[in-house]
Each structure stands twice: as structure tokens, then as C-alpha cells.
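Visitor: I would like to go through this model and ask what stands behind the terms used for it.

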Amino acid sequence: MKLLKKTIRRYLVYSVILLLVEIPIFYVVVQRLVLQGVDRDLMTTKELLKPKIGEAVVKNTLGQLQFADRNISISITTISRVYDSLASVEIYDSATGRKVPHRILTSSFSINGKPCVLQVKTSLLDNFSLIANIVKVQLALLVLLLLGLLLINRNLSKKIWDPFYHTLGKLQRYNIDQREELSLDQSSVKEFNDLNRSLEGLARRAQDAYISEKAFTENASHEMQSPLAVLQSKLELLMQTSPLTAEQAQLISELADAGRRMSRLNKSLVLLTKIENNQFADVGTILLRPVVLSLLQQYDMQIKEKSLDVTFEPGDDISLNADRALIEILAGNLLANAIRHNITGGKIYITIKDNCFRVCNSGSQTPLDEKKIFNRFVKGGNDNNSIGLGLAIVNTICKLYQYRLQYNFADNMHCFSIFPKDEDKV
Amino acid sequence: MRILIVEDEKELSRSMVKYLQQENYLCDTAYSFVEAMNKVETYEYDCILLDISLPDGNGLKVLEALKNDRKTDGVIIISAKDSLDDKITGLKLGADDYLPKPFHLSELSARIEAVIRRKSFQGSNTFVVNELSFDLSARVVSVNGIPVDLTRKEYDLLLYLASSKNRVISKNAIAEKISGESADVYDNFDFIYAHIKNLKKKLTAAGCEDYIESVYGIGYKFTIR
């Protein structure tokens, strides 16, 4: 869930609860306050009427008084109890034909020795409609307020988080392989500024470490070339010396083999760093089938040497946008592996179809460890001639061009499949 | 034949001198860019072996200077970089060949010979060893004037051996020569034995003396007594 959604959702829930709770409470409270006011008015009226009633009783004009106000009625009773009672009742109104809520004060008192009952009533209709209107206005205000708050909050959040999303986007696009620095914008928010500066620092340190590690491999392999050349040349000179015994010859031969392996290892390391440094930038359109055909021709002797049965099924050719040298290395390494790790009289299947280049070969009966084989210096079996960089190089090239590389083992065949990116399809 | 070796790695330079002296070349050495420029300006060489990365300058500058002076010295670039760019730049500037380090001295010697041959015998491209005669442009070998039917690889192999006569050529060097980059795929180099056997059979059938002998399993030697 997005951060913005999360905060807004909280706000919304809070607002709705607040509205649902607040409105009834408000209504009840206002109603009570209004009733209190009405009651007070009724009592005042009663107190004001009392002397007049007394006068009327003395003058015996109580009957006249009664008709002065429809809301006031007075009667002489025999009960001489003093009490005040307030009640809400609904009284039928003949004018509107509806029941109208009223507040009635019934007061019993004795005046000039005569007990009498005074009833004062007042209509609550106006009050209640006022309350209803107040609640409505209040509700509208609240809703408007909440909506406004939500809107402001949303926009503000968007604006405030904008630098954050900028940073995020840049981080997602950031690639440590590329030599460019991670430069993030200045933000007016201190926290984001701190975050950006820390990220820049982190990226710089990571890149420094990455570059120095790469430079080390690069330098180490370059520096190794000279002593290797010296070693090889001295061995060759040693071969020319005479007399040369069989024992010496054997030793020289073994040394030469070790030297050769070392120089192969070195060449592969140099190649790896070069690919990682993106030094193969001669990108063009290459068809895979001719590349494979020429490789098969190149490896013809090795294939015959091991009496391998090679089946090449070119379906729809795949056209790649890449550096020719790298594609040749990619296909060459896969083929070389299929030959090298094969058994005498074994099989190799090569297919190009459905946007997939697949090389399958017979070999050892057990599947390889899929998680490890593409790492550097992981050797298949105990083959002394293998330097464990062939698949690492394949993997690096696939990474460079964002091809998907997959290994699986089925029917005693080791299969390596490469799926180029969709836009590279013919 | 006079050769200049421009190489800052002294031990490697010494190895090359020693090997090439045995092939009867006169060798001069230069360990730095300045030294190389001095020698190139003063003397004429049949072939210059040029290392690109020198401590005090780029070897390609020496090549440029040579071409600007319209000198015809043959130039073979030997480079530790093994980069296609260097190769292309070098060949564009007029180098005759390019050899990445580490290389086999026998290979180096064969390349020098090819360069010198190209420079000195313009037109007639033949190379003769006793009854064997190589037509270098047609890539055909004849025994006593009669052409022998060899595969391309067998021809390369025979020429390689014959041009370093009386020297032991290691199996590794032969394997790299005839299979190029794909040599790495081999588990071992026993396949060379089969090639040599076929080659010897064809030569003997053509009436050629058996010059090729095996040296204790390290390699082969083209022996002329």
C-alpha cells in the first residue's frame, strides 16, 4: 500500500467515526439546552402571572384572564398541594392538522387561600426546526471541513513526498556499473535532504569499493601477463637445450601445461573485467544461426576427436542487438562446455527457436548445482583443464544484455537456454 | 637479418634475443620508448618487435614515426593488452602483424620470418627447404616439384615446423597454431599426434625424407642434418 493511501485511509476512518458520533451527541445536547431555556421561560411566565391571578381572584375576574392567552389556563381546585411539573406532550393542532410538540408547565399553588392550578404551555415546533437546521448546517460544515482537510492533506503529502519519489526513481535506475555519480536533488525538507546526502555518500562508497575491486582484478591480470610471457619463453628456451633427457622433457611439458592454464585463466579474467567495464560497445545486429554454424566449423576437430553426435535445429533465427565478439564468446563458451564436459560418443543438441537459444549435451549423470554454476571458479567435476570461468563469462554477457539464462537437467542431458529480450526478436 | 626488440620486460626481451640469435638474427634491444626512438632513427631493421605499453610512452608512437619517415622496416606488435582496438589501430598504422602476450617463441619466430619474407622477396613467394618447396601465395607444398595434397591444417603445420627447423616446437604451440582460439576446448593435445602421423604418411608417400621427429612428448622438431 502506498504511504499516501495509508495516511489518508486513517484520516477517513477517523473522520467518519467522528461524524457518526458527533452529530447525535450534538443533537441531544442542543435539544436539552433548548428545553432548559423553554422551561426557564415557562417558570418566569408563571411567576409573572401569579400576582395577576391573585388580583383576578380578588376582583373575581379569573374567567376573563383565562381567555387572554390560549396557552394559559387556570382553574380552582380542591387539592391544596403545592407542586410544579414540566412535561413534553404532543398536542393536536387543528390549524395544521398535525400533532405539534409542546412543553407544558403545570403549577399548583394557593392564592389568597384558594388553591388553584395554572397550566402554561408553549409550542416547541419553532425550536425543534431550529435545532434541525442548526444540525444540518453543522453537518454540512463538518463534511466540507473534512473534505477540505483530506484534499489539502493529499496534495500536501504529494508535494512533500515528491522529492522522496524522485530519490526512489533515481535509486531504481542507478547502476553501480555505470560510472556516473548518484546525484539527488536538493529538497526543502530537512529529512529528505539528509536521506539524499546519506544515499549519495553510500553510493559513492559502494562505487569506490566496486571500482577499486575491479581495478584490482584488472591490474592483477594485466601485471600477470608479463611474468607469464617470461615463464613461457624461458620454458621454450629450456626445450631447445641439449642434451635433453626424457625426465627433463616430462617436467618441462608439465610446466608448460601449467603455464598454459594460468595464461588461459588470466585471459578469461581480463575478458570478464572488460565485459564488466562495458568495453565491448560495437553494437550491431547479429543473426545467431551463422554464428553457431561458424563455431561448429571451428570446433569440428574437437567434435570429431570425441566422436560427438551434433544435431543443430535452426528454427526461426534470432536477431540480436549486441557486440559480435561477445555473442561469439557467449555461443562459443556454451558450445565449448558442451564439448568439453561431454563423454566420448556423446550427444549435443543445439536449437534456435521460439526466441530461445538452447545447447544440450550428454555428460555426467547428475545435475549440476543451478545456484552455483554461473559463479566464478566453480568447476564442473574434477576436470583439471577447466578453469571455471566459462559460464561466469556467459552469465556476465547475459547480464549485460539482460538475457535470461537458465540451466536444467532432463533425460540425462544438461541444457543451457538463453532467452534474449523480447524486443530483440526477429 | 637485423631485428630490434622493443620490450620493457627485460627477461622476456632476453628470452627473445636468445631464441632469435639461435635462428641467426642480429638482435638489438630497447627497453624504453626513448631508446626505441633513438635506435629506429639511427638504424635500419628488417623487423621491429614492438611492445605497446612502454614505461615512458606508447609503442604505437614509434610505429607512427616510422611510417612518417617512410621507413620500410617490418613491424610486429607484441601487446599484453590483447585488445581488438589495439590490434586494429596497430594494423591501420601499418604494422605487419600483431601477437598478444603470452606467445610462443616459435610462433614469434615464424611470424618474423613471414614478415621478412614478404618484405624481401616481393613477387616470388616461395620458401624452399631441401626437396620441399612452399608456394606461399597459393598455399601449396611440392616435393621435388610435384605438389602434395595436404589439408589446410596440415599445410600450416608443415610450414610452421619447417620454418623453425632444428628447433623443438611444443605441443601447446602446435595446438594453438592449428586450432587457434578453440585450442582451449581440448582436454589434451593428443590429436596433434594424429595430424603429424597423417602428414608424415603423405610426405613419405610423395618421396620426401622423414624430417619430423617427436621429442619425448613435449613437441616436435623439423630436423635437417
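Visitor: What does the secondary structure of chain B come to?

Guide: In this predicted model, chain B has eight helices and 14 strands.

Visitor: What makes β13(B) and β14(B) a pair?

Guide: Pairing requires at least two bridges between two strands. β13(B) and β14(B), the latter spanning residues 219-222, have four bridges in the antiparallel sense, so they count as paired under the cut-off of at least two. In β14(B), Y220(B) is the bridge partner of S214(B).

Visitor: Which sheet has the order β12-β14-β13, and why are β12 and β13 of chain B said to stand at the edges?

Guide: That order belongs to an open sheet of three strands in chain B, with antiparallel pairing. β12 (168-170) and β13 (212-215) of chain B each have a single partner strand, so one side of each lacks a neighbour in the sheet. From one strand to the next, the twist averages 35°.

Visitor: How many residues of chain B count as buried, and what makes a residue buried?

Guide: A residue is buried if 20 or more other C-beta atoms lie within 10 Å of its own. Of the 225 residues of chain B, 43% count as buried.

Visitor: How many residues does each chain give to the contact between chain A and chain B?

Guide: Chain A gives 33 residues and chain B gives 33 residues. On the side of chain A that touches chain B, α4(A) provides the largest share, 13 residues. By class, that side of chain A has 15 nonpolar, eleven polar and seven charged residues.

Definitions and conventions. Residues are numbered from 1 along each chain as its sequence is written. Chains are lettered from A and ligands numbered from 1 in the order in which they are written. This is a predicted model: local features need pLDDT of at least 70, side-chain atom pairs count only at pLDDT 80 or more; totals for chains, interfaces and linings use all residues. Helices (H or I, at least four residues) and strands (E, at least two) are DSSP runs, numbered from the N terminus. Axes are lines fitted to C-alpha atoms, for helices over the stretch in contact, and angles run from 0 to 180 degrees between N-to-C directions. A residue is buried if 20 or more other C-beta atoms lie within 10 Å of its own, exposed if 12 or fewer, and partly exposed in between; C-beta atoms are placed from the backbone. Two residues are in contact if their C-beta atoms, placed from the backbone, lie within 7 Å. Ala, Val, Leu, Ile, Met, Phe, Trp, Tyr, Cys and Pro count as nonpolar, Asp, Glu, Lys and Arg as charged, and the others, Gly among them, as polar.
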